[in-house]
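Got the model open in your viewer? Let's take a short walk through it, one selection at a time.

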Amino acid sequence: MVTETLLEKELHRLAGSVPDPELPVLTLDELGVLRGVDVLAPGKVTVRLTPTYTGCPAIEAMSADIERVLHDHGIPEVSVVTVLSPAWSTDDISAEGRRKLAEFGIAPPRPHDATSPAGGPVPLTLSVRCPHCGSTDTELLSRFSSTACKALRRCVTCREPFDHFKEL
């Protein structure tokens, strides 16, 4: 495993602090899409970024925002490359990111069971907790919400609609 230099750690912190364009309550680091920052030469940096799904339209905005932030901090040559493997998973969302999603009114995805074999069965019943009142008595209104990675649900108890970040 290659360790980051102090400069790479600082640039990773800066790039990671960029808000997600579709979920501005989360940073790219909290979302788990920032895979690394490599200093290739003085003033020349490559940033590795993984989209939440192949074809995600937000990747262009993320890349432009990372470039702007690093340019603003004195890095003249920034290259953002898309990395598809390993694929992003909702397990990559940090605990802080999950907390912020719930606080923002979006039900965070459930973490995968670490004891299940990789590629194991997907549960057919989904208990999604309402981020407003905490009830698990919720219903699916639409498989897609404001973005493809979220579903629209409604709480039967408090009747409030809310987004649910789908498990991937």
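First, a word on terms: helices (H or I, at least four residues) and strands (E, at least two) are DSSP runs, numbered from the N terminus. This is a predicted model, where local features need pLDDT of at least 70, side-chain atom pairs count only at pLDDT 80 or more, and totals for chains, interfaces and linings use all residues. Residues are numbered from 1 along each chain as its sequence is written, and side-chain values use heavy atoms, with hydrogens and water left out.

Start with the whole protein chain in cartoon view. You should find 4 helices and 7 strands, running α-α-β-β-α-β-α-β-β-β-β from the N terminus on. Of the 168 residues, 39% are buried, meaning under 20% relative accessible area with a 1.4 Å probe, protein chains only.

Now select residues 161-165, which is strand E7. Here 4 of the 5 residues are buried.

Next, add residues 150-155 for strand E6, which pairs with E7 in the antiparallel sense over 5 bridges. To count as paired, two strands need at least two bridges between them in DSSP. Pick Leu 152 and you'll find its bridge partner in E7, Asp 163. Then follow the chain round: E6 and E7 form a hairpin with 5 residues between them. Stop in the turn at Arg 159, which has a positive phi of about 70°.

What joins E7 to strand E4? Select residues 106-107 to see E4, which runs parallel to E7 and is joined to it by 2 bridges. Finish on Ala 107, which stands opposite His 164 in E7.

Definitions and conventions:
Buried means under 20% relative accessible area, exposed over 50%, partly exposed in between (1.4 Å probe, protein chains only).
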